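The following questions and answers examine a predicted protein model. Each answer sets out its reasoning before it gives the value or name requested.

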Amino acid sequence: DAPFKVVIEAHADEISWFVNYISDQGLIYLKRNGGVDHQIAPSMRVWIHGKKGPVKAVFGWPAIHTRLGNPDNKEQQPKVDNLSLDCGARTKKEVEDLGIHIGAVVTYEEGFDELANGYYIGRAFDNRIGGFMIAEVARLLKENKKKLPFGLYIVNSVQEEIGLRGAEMITQTIKPNVAIVTDVCHDTTTPMIDKKIEGDLQMGKGPVIAYAPATQNILRELIVSTAEEKNIPFQRHATSRVTGTDTDAFAYSNGGVASALISLSLRYMHTTVEMVHKEDVENVIQLIYESLLKLENNHDFSYFK
């Protein structure tokens, strides 16, 4: 139990659904688990994680010909209460015989792929890519035989997507002096995003360092100066009251924890084709690694020397 403790953290949970109701015709209706975007669901393939193991299913959606055949002649749009899963069962009993029950978790099927020019796509990069990055930091420390003058805790949390709950438990258990959190943020160069609101951030231009009430100024400037000294490209991102990440949970715990947020620019958040750039992933890893080497035991984060 080290006297000075540093946490590097990412969250491992993904948005999903809960089975909420099974109709007599074997259709399965759902509730959200986290910030699921229901508009992307129609025709998606999913796994229902029941007590007998995963069951394949699809989000069924009526053909456009039939959706226009209503009295107002308006095309019906997907909503949580009109979306249902079809797993091939035609009665409620057939659904239950597959091991599917109320409360079973549903996740999308799509996985990892690679596009041209160093772009990766996949589901749940928010924020399993963070777990990969902090694991790579640990690997670099071991391979380079670095001895840190403090206790380092490499942590994946759960339940960030429903309110930062895992980070709250972690910080109460470990009671760190410093927390460096990595998560994803929006690439704002796609259509329908207002840069005047979301900032000007782009994949391929380096890690994103957050400026927010929850980020401690001295720790953040240590990270910025590290990036400048090591020629690691980076971007700056200003948030308002909250970062919306586990950083908030760490910063305001245990009487205050010096916290920083290093993010990865990402397109198409909370879809099955979340997109990141390989060079950004490598640079986030390098920036966290180099920042840890610069951080001293019992580093003074007070404003008054």
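Q: Which span should the 19 residues of H3 have at 1.5 Å a residue, and how far apart are its end C-alpha atoms?
A: In this predicted model, the expected span of H3 follows from its 19 residues at 1.5 Å a residue, which gives 27 Å. The distance between the end C-alpha atoms agrees with that expectation, being 26 Å.

Q: Which residue just after H3 takes a positive phi, and of about how many degrees?
A: Helix H3 covers residues 125-143. Just after this helix, a positive phi of about 55 degrees is taken by Lys 145.

Q: Is Glu 136 of H3 buried or exposed, and what is its relative accessible area?
A: The buried residues of H3 include Phe 125, Ile 129, Glu 136 and Val 137. Glu 136 forms a salt bridge with Arg 139, at 2.8 Å from N to O. The two are about one helical turn apart because they lie three residues apart in H3. Arg 139 counts as partly exposed at 35% relative accessibility, whereas Glu 136 is buried, with a relative accessible area of 18%.

Q: Which residue forms a salt bridge with Lys 93?
A: Lys 93 is exposed, with a relative accessible area of 54%. Its partner lies four residues away in helix H2 (residues 92-97), about one turn of the helix, and is partly exposed at 41% relative accessibility. The closest N and O atoms are 2.9 Å apart, and the partner is Asp 97.

Q: How many residues does the largest nonpolar core have?
A: In soluble globular proteins, nonpolar side chains tend to be buried together. Here the residues with the most contacts inside the largest core are Val 137, Val 178, Ile 223, Leu 264 and Leu 292. Strand E1 (5-11), H3, E11, H6, E14 and H8 each give two or more residues to this core. The number of residues in the core is 39.

Q: How many residues does the second, separate core have?
A: Trp 17, Ile 22, Leu 85 and Ala 104 are among the members of this second core. Its number of residues is 23.

Q: Which residue caps the N-terminal end of H6?
A: Helix H6 (residues 217-229) has 13 residues and reaches 18 Å, close to the 18 Å expected. A side-chain oxygen lies 2.8 Å from the backbone nitrogen of Ile 218, and the capping residue that supplies this oxygen is Gln 216.

Q: Which helix is included in what covers the buried residues of H6?
A: Leu 219, Leu 222, Ile 223 and Val 224 are among the buried residues of H6. What covers the buried residues includes strands E11 (178-186), E12 (208-211), E13 (235-238) and E14 (258-266), together with helix H8 (278-294).

Q: What is the relative accessible area of Arg 220?
A: Arg 220 forms a salt bridge with Glu 221, the closest N and O atoms being 3.5 Å apart. Glu 221 counts as partly exposed at 35% relative accessibility. Arg 220 falls under the 20% limit for a buried residue, as its relative accessible area is 8%.

Q: Which side chain of opposite charge is nearest to Glu 161, and how far away is it?
A: Glu 161 is found in the loop between strand E10 (151-157) and helix H4 (165-174). This residue is buried yet has no salt bridge, although a polar contact of 3.5 Å joins its side chain to that of His 270. A salt bridge requires a nitrogen and an oxygen within 4 Å; the nearest side chain of opposite charge lies 9.2 Å away and belongs to Arg 128.

Q: With which side chain does the side chain of Arg 267 make a polar contact?
A: Arg 267 is found in the loop between E14 and strand E15 (274-277) and is partly exposed, with a relative accessible area of 23%. Residues that Arg 267 touches include Asp 187, Thr 190 and Met 203. The polar contact is 3.0 Å, and the partner side chain is that of Thr 189.

Q: What percentage of the 305 residues of the protein count as buried?
A: The protein has eight helices and 15 strands, and its C-alpha trace spans about 70 × 40 × 35 Å along the principal axes. Of the 305 residues, the proportion that count as buried is 49%.

Notes: Residues numbered from 1 in each chain as written. Predicted model: local features only at pLDDT ≥ 70, side-chain atom pairs only at ≥ 80, totals over all residues. Heavy atoms only, no water. Expected span 1.5 Å × (residues − 1). Buried < 20%, exposed > 50% of the residue type's maximum accessible area, 1.4 Å probe, protein only. Contact = heavy atoms within 4.5 Å. Polar contact = N/O pair within 3.5 Å; in protein donor to acceptor, adjacent residues only side chain to side chain. Core = buried A, V, L, I, M, F, W, Y, C linked by side-chain atoms within 4.5 Å. Lys, Arg positive; Asp, Glu negative; His and termini not counted. Lists of a residue's contacts leave out its neighbours within four places in sequence.
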